[in-house]
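Subject: The structure I promised you

Hi,

Here is the structure we talked about, with my notes underneath. Have it open while you read, and look up each residue as it comes along.

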Amino acid sequence: DKPKRIMYVGPNEMEVKEIDAIHGITTSAKYIVLPEENFASMVRLTKFTNTGSSDLTISALDGLAKIEPSGGTLDGAFKNMGRTIEGWMGVQHADDTLTKPFFKMSTEPGDSASVKIEEAGHYCLSYIVEDGTAKTALPIVYDADKIFGQNTALEIPFALQKSSVGEILKGDQYGDAKTSSSFSAIDELTIPAGESLEIVAFYGKAEHIDDLETIVDVVTKPDFVDEKFERARELITDLTAGVETKTANHLFDGTVKQTFLDNSLRGGMPTVLGYGEEGAVYGEDPQIKIFHTFSRIHGDLERDYNAFQIAPTYFSQGPGNYRDIAQNRRDDVTFLPQVGSFNVQMFLGYIQADGYEPLTVEAVAYMYSDSDVARKVAKQVTSDAKSEQTMYNVLLGGAFRPGQMFGLVDMLGIKISVSNEDFTNIVVGNSEDRAMAVYGQGYWSDHWDYYLDIIESYTAIFPDGEEALMYDEKLRY
């Protein structure tokens, strides 16, 4: 009989399990996106369970058949000239153990007189898990030819069938000018009857190869793996708590939460920033700012023509189509009254004199135009004179988003004297917000019906604010 395969899908995780009763082994691979860290990562937890009655010795390669490097705008290049673009690809290593490969481009490809050295890249870190903690680092097999041979479809490991994991690890691997794989390697490990072996792998992006040691220190903390999988589940519960429904039909209850979650992925989850008066709403208190996290363009990720962009930072988000963002923010003020007139002002502010609006809506950006306010804030959030001056220059240097600000703080070595939460609320609360949109693929005139829904949602919560909103508020653009 063939092994039985089952797929489980949760709100923030998915798992594929294969049950092989003939050979007495059950294999599962579970995935999450790493929550609440200052680096991005997809996490894969693979579990081999010996369901037989005797010891089981296994060798295995577990991971990604193909991993693409980081470096510039590569979406079109990968799709239209995938073989040519391989000339820029390479694999570097943070040490000589094969446990910290770094997949990057040598330079940003393009027809330009200037050459930009690419420092950022994608990494893979893998460990044997013991008691919820990543313990023993595993070597990574990145040379696809050593596994698949001439099978460029990456479906059948012809080369591995003629060799072994141990022989591949002893031999040379090549990663330059070719597309790589990224497999965690296990060579002849024994699993006692009734017990399991767990492997965790972290795939993500780092701005420099030197950052890998810091990431290693984080992911190998005690109980880190177990805690992050648990937190990934809790996070969705927290985000959907506002629509928790209890009826006799649990499927209906789950549908309500999933629909709310799907809408939040399109329109974004409104987050209140700034230290305003208790109960104050946007538009009434200048300290109150609204920033939407998790927003992105519509559709599932397999729609490669959408060119999804998700910032690998705190307050992660990406641009989306105007109608997607607008229609999925229609009930923001219902669930979070502090949003106030934010959406009404933002979307109506995009209307041009000819009635058209740009297609692509980006996240709100913040800026400082008053140098006195910037100086006051810089002094309030930093711990020394040098950091204060650097922070002051950053605040007056142009528009920023919360995630970008944390990246600048790390890159420039600014020493912060307050918590991350206080830092965000102080810096953003005292700033001026700017709604951002770009041309995208054109200008459109079919958005007006969403305006009515957004306005009606606002007036349903703040009926006494209608006249002031319509006649007293000035649209920025």
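Let's begin with Ile288, which you'll find in the loop between strand 13 and strand 14. Keep in mind throughout that this is a predicted model. Is Ile288 buried or exposed? Its relative accessibility is 3%, and buried means under 20%, so Ile288 counts as buried. Leaving out residues up to four places away in sequence, Ile288 touches Val272, Leu273, Gly276, Ala280, Val281, Tyr282 and Gln338. Thr360 is another matter: it is 72 residues from Ile288 along the chain, and the C-alpha atoms of the two are separated by 25 Å.

The two strands beside Ile288 come up again with helix 15. Strand 13 (269–273) and strand 14 (289–293) are among the elements that cover the buried residues of that helix. Strand 16 (357–367) is included in that cover, and so are helix 12 (371–381), helix 13 (385–395) and helix 14 (402–412). Helix 15 itself runs over residues 420–429 and is mostly covered, with seven of its 10 residues buried. Which ones are they? Click through Phe423, Thr424, Asn425, Ile426, Val427, Val428 and Gly429 to see them.

While you're there, have a look at Pro358, which lies in strand 16. With a relative accessibility of 9%, Pro358 counts as buried. Try drawing a line from Pro358 to Gln150: these two are 208 residues apart along the chain, and their C-alpha atoms are separated by 47 Å.

Next, Ala185. This residue lies in strand 11 (residues 180–191), and Ala185 is buried, with a relative accessible area of 3%. What is Ala185 in contact with, if we leave aside its neighbours within four places in sequence? The list is Ala60, Leu61, Leu138, Pro139, Val141, Val165 and Leu169. Tyr127 is 58 residues away from Ala185 along the chain, and the C-alpha atoms of this pair are separated by 9.8 Å.

Now for a charged residue. Glu13 is found in the loop between strand 1 (4–9) and strand 2 (14–20). Its relative accessibility is 18%, and the cut-off for buried is under 20%, so Glu13 counts as buried. Where does its side chain go? A polar contact of 2.6 Å joins the side chains of Glu13 and Arg233. Apart from neighbours within four places in sequence, Glu13 is in contact with Tyr8, Lys30, Tyr31, Ile32 and Arg233.

Two loop residues deserve a look for their backbone angles. Most residues other than glycine have a negative phi. Glu36 is not a glycine, yet it has a positive phi of about 60°. You'll find Glu36 in the loop between strand 3 (25–33) and strand 4 (40–50), and at 48% relative accessibility it counts as partly exposed. Asp131 also isn't a glycine and has a positive phi of about 55°. It is found in the loop between strand 8 (121–130) and strand 9 (133–137). At 73% relative accessibility, Asp131 counts as exposed.

One more loop residue: Asp331, between helix 9 (322–327) and helix 10 (332–335). Asp331 counts as partly exposed, at 41% relative accessibility. How far apart are the C-alpha atoms of Asp331 and Glu456? They are separated by 9.7 Å, with the two positions 125 residues apart along the chain.

Finally, zoom out to the whole chain. There are 17 helices and 17 strands. Along its principal axes, the C-alpha trace spans about 75 × 65 × 45 Å. For 477 residues, a compact globule would have a radius of gyration near 23 Å, and the 25 Å of this chain agrees with that. Of those 477 residues, 45% count as buried. If you take the contacts with a separation of 6 or more, residues 24 or more positions apart account for 66% of them.

As for the outside, the accessible surface comes to about 25000 Å², and 50% of it belongs to carbon and sulfur atoms. The chain has 41 positive and 75 negative charges, and the mean positions of the two sets are 3 Å apart.

Happy browsing!

Notes:
Residues are numbered from 1 along each chain as its sequence is written. This is a predicted model: local features need pLDDT of at least 70, side-chain atom pairs count only at pLDDT 80 or more; totals for chains, interfaces and linings use all residues. Side-chain values use heavy atoms; hydrogens and water are left out. Helices (H or I, at least four residues) and strands (E, at least two) are DSSP runs, numbered from the N terminus. The radius of gyration is taken over C-alpha atoms; the globule rule is 2.2 Å times the number of residues to the power 0.38. Buried means under 20% relative accessible area, exposed over 50%, partly exposed in between (1.4 Å probe, protein chains only). Contact means heavy atoms within 4.5 Å. Accessible areas come from the Shrake-Rupley method with a 1.4 Å probe; for residues, only the protein chains shown count as cover. Lys and Arg count as positive and Asp and Glu as negative; His and the chain ends are not counted. The place of a charge is taken as NZ of Lys, CZ of Arg, CG of Asp or CD of Glu. A polar contact is a pair of N or O atoms within 3.5 Å; within protein, one must be able to donate a hydrogen and the other to accept it, and residues adjacent in sequence count only if both atoms are side-chain atoms.
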